[in-house]
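Hello,

Here is the structure you were waiting for. My notes on cysteines and pockets follow it.

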Amino acid sequence: MSKLDLVVRAGRVVSATGAEARAVGVQDGRIAVVAPYDAHLDTTDELVLAGDEVLMPGLVDSHVHVNDPGRTDWEGFTSATRAAAAGGVTTIVDMPLNSIPPTCDVPALELKRKTAASQAYVDVGFWGGAIPGNLEHLRPLHDAGVFGFKCFLLHSGVDEFPALDPAELEPVMREIASFDGLLIVHAEDAHGIDTAPPPDGASYLAFLNSRPREAENTAVAAVIETARATGCRVHILHVSSADVLPMIAVARESGVRITAETCPHYLTFTAEEIPDGATQYKCCPPIREAANRELLWDGLRDGVIDLVVSDHSPSTPDLKRLDTGDFGEAWGGIVSLQLGLPAVWTEAHRRDFTLSDVARWMCQAPGIPGKGRIEAGYDADFSVFAPEETFVVDAGALQHKNAITPYDGRTLDGVVRSTWLRGQPVDIKAAPRGRLLTRGESA
């Protein structure tokens, strides 16, 4: 082996299977060797982590709304990827909606890639969109390298990204199955929402009742049956209702190719603690009761829920209706991209999970080639994390453009001390050097 560019020695190098003292050798931006801690490795540079620090794989957040181009007053690739780096995230996959135009054809994808190219502080991939009328664009988008296709089964919140109705879902799944693509689904049933009681001003309970778990349950059941009929690979986004977990488990056992995710806010907050008028907590589907939260943790323990991602969905302050506290009128989205790792770790270790569990959910499980593992051949993407250190979230200190977040003032466990992309520390004050990712290829 020729001289390494860097060796990182850590008393705890975290993988999905454990944490051990190791020396990690880096060459040309990739991990060349993982050796015993005191192994002699010929290197140009060496970093020895402090005793309270662990070396984790860089996080992979596959559910991020960057909103660029078109709604850059909400967020943008510069602010989003700086926030990602500050939170130990080295790869994001951008959602197709809230940008204008949405990523529903190849020209829109090319525009988004051009927009991101000079702004990305971490590596960035892209989802395509599946909406009414764009069936012929799905295969070209797949060939152009999107990681899959997102659809809604009810109004998305923005008119330029309409929902698929039940009659449109099956042909979309058949088309995506024809090239073994992946459909990711916002699963809430439109009829179930339309017939529920409407939200009533500042009342969080009224808002919760307006997005009943039955609507989520019905939609997931429909996705499962359509996936069974078509053979399409499907992924359920932001699971909030623990009722769907047995359905997903049974479907998987019967051969349906289905995965699922949940988000830090569903694992952290509970409906009982949300004050009336606190629209910074609004998201769709909503944060539910404490008993439901514990069942989501059980779903992670059992492996029914595969991964934890942010669903970072910011907006400008006026859209959150902080002045009126009206849940019916406020934009639904949680700002959390920078805070995902400490938020999840805070709740996870209280339930006897380990950092290896967190690495499995938040680094490895998204399945981006070359990412999310500290193994030879993978990109040298690292988070240097101090899991025993605590901090109080100061929204004003976050890197997000609009840091309106329910985590403000909350004490969290675990501090990201540095983030490394392909063997070099990310400096959010320097020029960005993130790369754009294409499905099936590493950076």
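Why is the sulfur of cysteine 363 too far for a bond with the closest cysteine sulfur? The closest one, in cysteine 263, is 16 Å away. Cysteine 363 is buried (under 20% relative accessible area; over 50% is exposed, in between partly exposed; 1.4 Å probe, protein chains only), at 1%. Cysteine 151 is also buried, at 0%, and its sulfur is 9.2 Å from that of cysteine 232, too far for a bond. The disulfide count is zero, where a disulfide is a pair of cysteine sulfur atoms within 2.5 Å.

This is a predicted model, with pLDDT of at least 70 needed for local features and 80 or more for side-chain atom pairs, while totals for chains, interfaces and linings use all residues. Residues are numbered from 1 along each chain as its sequence is written, and side-chain values use heavy atoms, without hydrogens and water.

On pockets (open sets of points on a 1 Å grid over the protein atoms alone, where a 1.4 Å probe fits, with protein on both sides within 12 Å along at least five of seven lines; lining residues have an atom within 4 Å of a point): the largest holds about 600 Å³, as space filled by probe spheres set on the points, which are joined across faces, edges and corners. It has 34 lining residues, with His155, Ser156, Gly157, Arg211 and Cys284 closest to its centre.

The second largest pocket has about 440 Å³. Its lining numbers 28 residues, and Trp127, Phe147, Leu182, Arg233 and Pro366 lie nearest the centre.

Regards
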